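The following exercises ask the reader to examine a structure and to justify each conclusion step by step. Please inspect the sequence and the coordinates before consulting the solutions.

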Amino acid sequence: MYVSAFRCPSNIALVKYWGKKGLQLPANASISFTLRDLYTETSIESTSGSGMAEVYVEGQRNQAFDAKVQAFFDRQQATMPWIRGFNFRVDTRNNFPHSSGIASSASGMGALALCTADLHRQISGETIPMESVSSMARLGSGSACRSLFGPLGVWGEHPDYPGSSDTYAVAYPEAKLHTEFRNWEDAVLIVESGRKAVSSSAGHKLLDAHPYAAARYATANENMHRLRKILSAGDIHAFTALVESEALQLHAMMMCSMPYYLLMKPASLEIINRVWLFREQSGLPLVITLDAGANVHVLYPAQYRSQVHDLINNSLVSFCENGVYLCSSIGEGVLQLNQ
Ligand code: PMV
């Protein structure tokens, strides 16, 4: 029997990946903060068998996940023929509430790829480079490929990011990150847990026939160019404008898709407006961003944690489902659990 276990963090994009080409390749480059404290832990036990996977989520057998995990193993068989000779018991748990509405596909697929690459090393003696592990994660869920790196992951070929690629993510070089951006946190205000009205895969697909898709891809790549300069110059003002514009463009693309749809809720808008008002009054650098859902991420430098948490507890938490919000520092988060 071979065993591997890894922790993999979630991430939140600053420049958004929205729209695909080819085999899960991004239509534009993207970059994310890695959410070190919001993660999935997965362990895989492989015993002799015929390539079949069984998934347990928080200790409970979960057949709904079997198909996704099975598809992941089936895809890897071409490069890892040993998979056909094993069965896999996959145990996975998130450290954030199961129904928080936070995407667990990025951290989940990242952890699955890390464990599989480690099993490959144990069984075949060959070490898989991180780029290829990232590529494996990408095939499970696009944004997952960025979660393996921190504090920022870059995915998608872009001239301003040396070494960047459409097939895997790379770490944003620490030397190019101004000290202003080295110690940030994210408070995720949970507006809606549970299933979204339109899944991310369906949302990506709608970009194929979207009237503004080409303009959006060009803007995203231009924002990658501008963000690269902002991150090394430490310009928080420009960072705020760029990141918030990216979040609203993502949702604007949803509103202009056909069929059109809305994932923000009245509570999302209330939170955003209150954060903006607080920022205006306090002068503190709080930045909002959104995933493909109703939850609002509030990014801020760690030194303002107490002011931000006061704002949340006094004025925002009533708009959160069951009063839930989750906090994470930004940083690297991959950890091997079976040393
Ligand atoms: O990785 P997917 O296919 O779930 O797409 C996620 C896309 C966004 O989260 C909306 C943006 C991003 O870049 O993470």
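**Exercise 1. Backbone exceptions**

Locate P151 relative to the secondary-structure elements, and then describe the peptide bond that joins G150 and P151.

*Solution.* Step 1: P151 is found in the loop that runs between helix 3 and strand 8. Step 2: in this predicted model, the bond joining G150 and P151 is cis, its omega being about 0 degrees. Step 3: a second cis bond leads from M258 to P259, where omega is near 0 degrees. P259 also belongs to a loop, the one between helix 6 (236–255) and helix 7. Step 4: as a general rule, most peptide bonds are trans and most residues other than glycine have a negative phi.

The next step turns to phi. Q24 is not a glycine, but its phi is positive, near 55 degrees. The phi of N322, likewise not a glycine, is positive at about 50 degrees.

**Exercise 2. Two residues with positive phi**

State where Q24 lies and where N322 lies, and decide for Q24 and for N322 whether the residue is buried or exposed.

*Solution.* Step 1: Q24 occupies the loop between strand 2 (20–21) and strand 3. Step 2: the relative accessible area of Q24 is 15%; the cut-off for buried is under 20%, so Q24 is buried. Step 3: N322 is placed in the loop between helix 8 and strand 13. Step 4: the relative accessibility of N322 is 72%; exposed requires over 50%, so N322 is exposed.

**Exercise 3. The buried face of helix 8**

Which residues of helix 8 are buried, and how are they arranged about the helix axis?

*Solution.* Step 1: helix 8 spans residues 305–316, and its buried residues are V308, H309, L311, I312, S315 and L316. Step 2: viewed down the helix axis, these buried residues fall within an arc of 170 degrees, and therefore they line one face of helix 8. Step 3: the general geometry is that an α-helix has 3.6 residues a turn, so residues three or four places apart point the same way. Step 4: the packing partners of the buried residues of helix 8 are strand 10 (184–189), helix 7 (266–282), strand 12 (296–301) and strand 13 (325–329).

**Exercise 4. Helix 3 and the loop that follows**

Identify the buried residues of helix 3, and then establish the surroundings of S147.

*Solution.* Step 1: V133, S134, S135, M136, A137, R138 and G140 are the buried residues of helix 3. Step 2: they pack against strand 3 (25–26), helix 1 (63–76), helix 2 (105–124), strand 8 and strand 9 (169–171). Step 3: S147 is located in the loop between helix 3 (130–140) and strand 8 (152–155). Step 4: S147 counts as buried because its relative accessibility is 0%. Step 5: with neighbours within four places in sequence set aside, the contacts of S147 are C8, P9, S10, N11, T34, A106 and V334. Step 6: with N11, S147 forms a polar contact between side chains, at 2.9 Å.

**Exercise 5. The ligand site**

How many residues surround the ligand, and how much of its area does the protein bury?

*Solution.* Step 1: the ligand is surrounded by 13 residues, of which the closest are Y17, S143, R146, H204 and D291. Step 2: by class, this shell comprises 5 nonpolar, 5 polar and 3 charged residues. Step 3: a polar backbone atom of Y17 is 2.9 Å from a ligand oxygen atom. An N or O atom in the side chain of S143 is 2.7 Å from an oxygen atom of the ligand, and for the side chain of R146 the corresponding distance is 2.7 Å. Step 4: the ligand alone exposes 380 Å², and the protein buries 91% of that area.

**Exercise 6. A buried glycine**

Describe the location of G333 and its contacts, and give its C-alpha distance to H204.

*Solution.* Step 1: G333 is situated in the loop between strand 13 and strand 14 (335–336). Step 2: its relative accessibility is 11%, so G333 counts as buried. Step 3: apart from residues up to four places away in sequence, G333 touches R7, P9 and R36. Step 4: the C-alpha atoms of G333 and H204 are 27 Å apart in space, and the two residues are 129 residues apart in sequence.

Conventions: Residues numbered from 1 in each chain as written. Predicted model: local features only at pLDDT ≥ 70, side-chain atom pairs only at ≥ 80, totals over all residues. Heavy atoms only, no water. Buried < 20%, exposed > 50% of the residue type's maximum accessible area, 1.4 Å probe, protein only. Helix = DSSP H or I, 4+ residues; strand = E, 2+ residues; numbered from the N terminus. Arc of directions from axis to C-beta. Contact = heavy atoms within 4.5 Å. Near = heavy atom within 4 Å. Polar contact = N/O pair within 3.5 Å; in protein donor to acceptor, adjacent residues only side chain to side chain. Areas by Shrake-Rupley, 256 points an atom, 1.4 Å probe, with all protein chains shown as cover. Nonpolar A, V, L, I, M, F, W, Y, C, P; charged D, E, K, R; others polar.
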